[in-house]
Every structure is written in structure tokens, then in C-alpha cells.
Amino acid sequence: MRPQFEEGLTLDRFLMETARSHPARTGQFVALMHQVMLAAKMVSARVNRAGLAGMIGQTGEKNIQGEFVMKLDVYANETFKRALEHAGVCCLIVSEEEEAPIHIPEPYQNGAYVFMMDPLDGSSNIDVNATIGTIFGIYRRVSAEGGPGELQDVLRSGRELVAAGYIIYGAGTLLVLATQEHGVNGFTLDPSVGEFFLSHRDLKLNDEASLYSINEGYEAQWDERLVRYIRSLKDPARGMSARYIGSLVADFHRNLLKGGLFIYPGTKKSPKGKLRVLYEAFPLAFIAEAAGGAATNGETPILDLVPTSLHQRTPLVIGNAPLVAEATAAMSATPATKG
Ligand code: P6P
């Protein structure tokens, strides 16, 4: 039975109360999430004044404050890395911004967790002030405690994730956290006190959904079965509306709250699509399933995949379970033999 958490609870207290139910926990997960919260607040502050701080799309120059100007996504990567690499909670960090896995530098301790992140997804939307976000997934290491993390700690089934979440930097900053034991909960940052407060308790993807999200500009590159399926969603009798921001965290978050189906398919040019397994598809699939939804690659559940490389891509079909099942069946149907 999940404890009932009242609105307004801080993320700090939520973490401590939920950690208490795991005597085996060493407190490292709570410490890791504290570092994620710190980095999230720093990135949020910088995103909110990006235009002023000369952070829009520039790099390597000094701005009027004399600050070294980094592109926001580089700043986000550095901020999360720095917050996590010296806290003794991670043994490996994987980032969309870095080709190789990030090992914990001397003299810092290797911890029990692997942290995978897209530090600032949708950053192409920054210049137009569209909502962007950080996406993360967390494994407990399987390699021997104490030493540096290994590839076996991260190239593994999504079913082994222990937690996942995202921070969405929009009108407000919201941290959504999913864990195996406590479902999906959203915490809104009150920048005046620097705390995250429970604002979206026990989020659920129920079975009603009237939104679908896909970049229809690529229709000519889609598999014929997908073309037919998307056209079927436009039948007025279905009462569906199209919503597509082009920022994965924003599109996913809207569909999580309102119900909807998001598809980033493979195309003839890019059969594996654009989105990455480890730090986009896995975390969002973990969240979707924890909320009662589903996620597939158009054929099989995303979380059943076992990636063979850090930046491997996958098609993504994610949202309310009945819609995901319907879309997956349509996309994987045996093509009718030309008679
Ligand atoms: P397209 C943003 O660049 C991103 O990685 C995701 O946030 C978003 O869902 C996707 O690309 C949008 O891609 O090809 O539709 O512009």
C-alpha cells in the first residue's frame, strides 16, 4: 500500500519518507536526488534568464557580466555532471552531450548508481522560448562496489531501472520522479524558497486520450502502415486532436497529464528514428509504465530492449496503453501481400 502523500510535501521529505521504507537503502539514492535537485535549480535559473545572459545559441564568448558564455545545453551538462561526480553516489554517468561514459574522477568516491541523462533536451527550441527539459534514468550498479563503473552497468535491460524522471523548464519548473515503489509524482519548484513541493500526486495515464503527437512533416518517409494508422486517427468519429511541440519533454508531459499518444517513428532514411534508448526512451517508458501507460518501439516494449551502444536510437510509441497497443498492432501488422 503506497503511503498517501499530501500536496505541498517537499521533495526532500518525500525522499526521506520513501527511503525509510527501504532499510537496505544506504541513503545514496536520497543524496543522488538532492544533487539532481541542486542541478535542476541551477539550470532552471539559467534557462529563465537565457536571453539576458547571452545564452541563446552562442558559445565561447564573454557576455556583459563577464561570464564565460556557454550554450545552455553545454551548461546543463556541466552542471549535472559536476553535481553528481563528486557526491559519492554514482559510479558512471552517461550523457547525450558526451560520446564516452563519464567516470568519477579521483579523488571522489564511486557510488552505487549509474545516472543517464539528456541534460537539456529540445535545446533547439531555446531560441524561440519553447519549453525544454532534462531527462534522466537511474540504475543500481551490477559491477563490484567501490571501483569505477563498467559498461555492464549501463548496457542492460530497461526493466532494471530503479528510477527515472525529468525536469521541465516551462512556465514553472517541475521535477517528475517515477520509482518502482511509489509511482509517478510531480514536484513544482518555488524559486522564492528554493524547494520542490508535491504538486502532481500519483500521476496516471488513464484510458481516455484524445491527443496524438507526431511530426507529420515526415509522412512521405513513413512506413505505409503508419501512414494508414495516423490517417485513421483523423476520422472525426475518433475526436482526436494533434499536438506537437517538437520538444520531447513538453510533448510527453502534456500527454502524461491530459492523455495522449506520442510517436517518433523510424523512417526510410533513419529506420531507428531520432530518439535515444538510454536517456530518452528508457526513462520516459519507465515513467509511462509506472503511470499505467505503455511504450514500444513499434513492435516490442521499450523496456525489454537491451542496448548495445550508449547512444543507440529507437523508434518510440508512448502514452496511454490502449492507444499504444492499437498503434503498435497497426505498425507491426503483416503487410498485406500484393495480390
Ligand atoms: P523533429 C528535440 O530536438 C528532439 O530531440 C526532441 O526533443 C523532439 O521530440 C524531437 O527532437 C523533435 O524532432 O524531427 O520532429 O524536429
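This report describes the ligand site and two backbone features of a predicted model.

## Basis

In this predicted model, local features need pLDDT of at least 70 and side-chain atom pairs count only at pLDDT 80 or more, while totals for chains, interfaces and linings use all residues. Residues are numbered from 1 along each chain as its sequence is written, and side-chain values use heavy atoms, with hydrogens and water left out.

## Ligand shell

The residues around the ligand (a heavy atom within 4 Å of it) include Asp121, Asn215, Leu248 and Lys274. By class, the shell holds four nonpolar, five polar and two charged residues; Tyr counts as nonpolar and Gly as polar, with Asp, Glu, Lys and Arg as charged.

Domain 1 (11–200) and domain 2 (211–332) both give residues to this shell, so the ligand lies between them. The domain bounds come from an automatic or database domain assignment.

## Contacts and burial

Oxygen atoms of the ligand lie 2.4 Å from a polar side-chain atom of Asp121 and 2.9 Å from one of Asn215. At Leu248, a polar backbone atom is 2.7 Å from a ligand oxygen. The protein buries 83% of the 400 Å² that the ligand exposes when taken alone (Shrake-Rupley method, 1.4 Å probe).

## Backbone features

The peptide bond from Glu106 to Pro107 is cis, with omega near 0°. Pro107 is in the loop between β3 (90–95) and β4 (113–121); strands are DSSP runs of E, at least two residues, numbered from the N terminus.

Asn129, a residue other than glycine, has a positive phi near 60°. Asn129 is placed in the loop between β4 and β5 (132–140).

Methods: Polar contact = N/O pair within 3.5 Å; in protein donor to acceptor, adjacent residues only side chain to side chain. Helix = DSSP H or I, 4+ residues; strand = E, 2+ residues; numbered from the N terminus.
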